[in-house]
Amino acid sequence: MTELDKVEASARSSSVRVLAWLVLVLLVGQFVMGMITNIYGSIPLVHPGAASGSSGGNVMALGMTSLNWALFHSQSELRVHILIGLVTGLFSLVALTVGLASRRAKTALTCLLGFVFVAGAGIAGIFFLVYADSNAASLVMSLCFLAAFITYSTALAVTRPRSP
């Protein structure tokens, strides 16, 4: 490994650390907004895309309809919760890209797992909208949040600068 390769690898690790911190902060904000939404907000059982208000159909289509409704017509708590989730997903994808580019197995694996868990929480959130107040979807959201938080915390440890 040349000196230039070492500098590039160090820069990528540093970028992953910054992104991991950013995703962790977003996850905390997401958790707080989720609790606020749970306590003060409500999702009507019947809304565009809700399984109870439809004549059946494709879950993905229902999910996109529900997401569209929630982003533009729901209570502000839910809107903010969803927007933070979308931004978290975006930065999680960026972290995955940088983690894979680092060509370090542990870094790539933690970024991949982090992305999978953030995506899992998002998909569970869409199911929560479609099946209004689904306890199973809520449980999956919370477990994916916890797993993502642990994974991105681990990414911080894995990308810690090495002592000379």
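Helices here are DSSP runs of H or I with at least four residues, numbered from the N terminus. I kept that in mind throughout, since the model I was reading is a predicted one.

Entry 1, the nonpolar patch. I looked up which helix contributes most to the nonpolar patch, and found that α1 does, with six residues. The patch lies on the surface and is formed by V28, F31, V32, M35, I39, Y40 and F149, which together have about 680 Å² of accessible area. I then turned to F149, which is found in helix α5, and noted that F149 is partly exposed, because its relative accessible area of 30% falls between the limits of 20% and 50%.

Entry 2, the largest pocket. I read off a volume of about 1,000 Å³ for the largest pocket, and among the 38 residues that line this pocket I noted Q30, H81, A121, G125 and M141 as the closest to its centre. Two or more lining residues come from each of α1 (3–40), α3 (76–101), α4 (105–130) and α5 (135–158), and the largest share, 11 residues, comes from α4. Sorting the lining by residue class, I recorded 22 nonpolar, 15 polar and one charged.

Entry 3, the loop after α1. Is G49, in the loop between α1 and α2 (59–73), buried or exposed? I found G49 buried, because its relative accessible area of 10% is under the 20% limit. I also checked G49 against W69: the two are 20 residues apart in sequence, and their C-alpha atoms are 7.7 Å apart in space.

How values were computed
Residues are numbered from 1 along each chain as its sequence is written. This is a predicted model: local features need pLDDT of at least 70, side-chain atom pairs count only at pLDDT 80 or more; totals for chains, interfaces and linings use all residues. Side-chain values use heavy atoms; hydrogens and water are left out. On a 1 Å grid over the protein atoms alone, a cavity is a set of points where a 1.4 Å probe fits but cannot get out, and a pocket is an open set with protein on both sides within 12 Å along at least five of seven lines; lining residues have an atom within 4 Å of a point. Grid points are joined across faces, edges and corners, and a volume is the space filled by probe spheres set on the points. Ala, Val, Leu, Ile, Met, Phe, Trp, Tyr, Cys and Pro count as nonpolar, Asp, Glu, Lys and Arg as charged, and the others, Gly among them, as polar. Patches are made of residues with over 30% relative accessible area and no salt bridge: like charges are joined within 9 Å, nonpolar side chains (Val, Leu, Ile, Met, Phe, Trp, Tyr) within 5 Å. Accessible areas come from the Shrake-Rupley method with a 1.4 Å probe; for residues, only the protein chains shown count as cover. A salt bridge is a side-chain nitrogen of Lys or Arg within 4 Å of a carboxyl oxygen of Asp or Glu. Buried means under 20% relative accessible area, exposed over 50%, partly exposed in between (1.4 Å probe, protein chains only).
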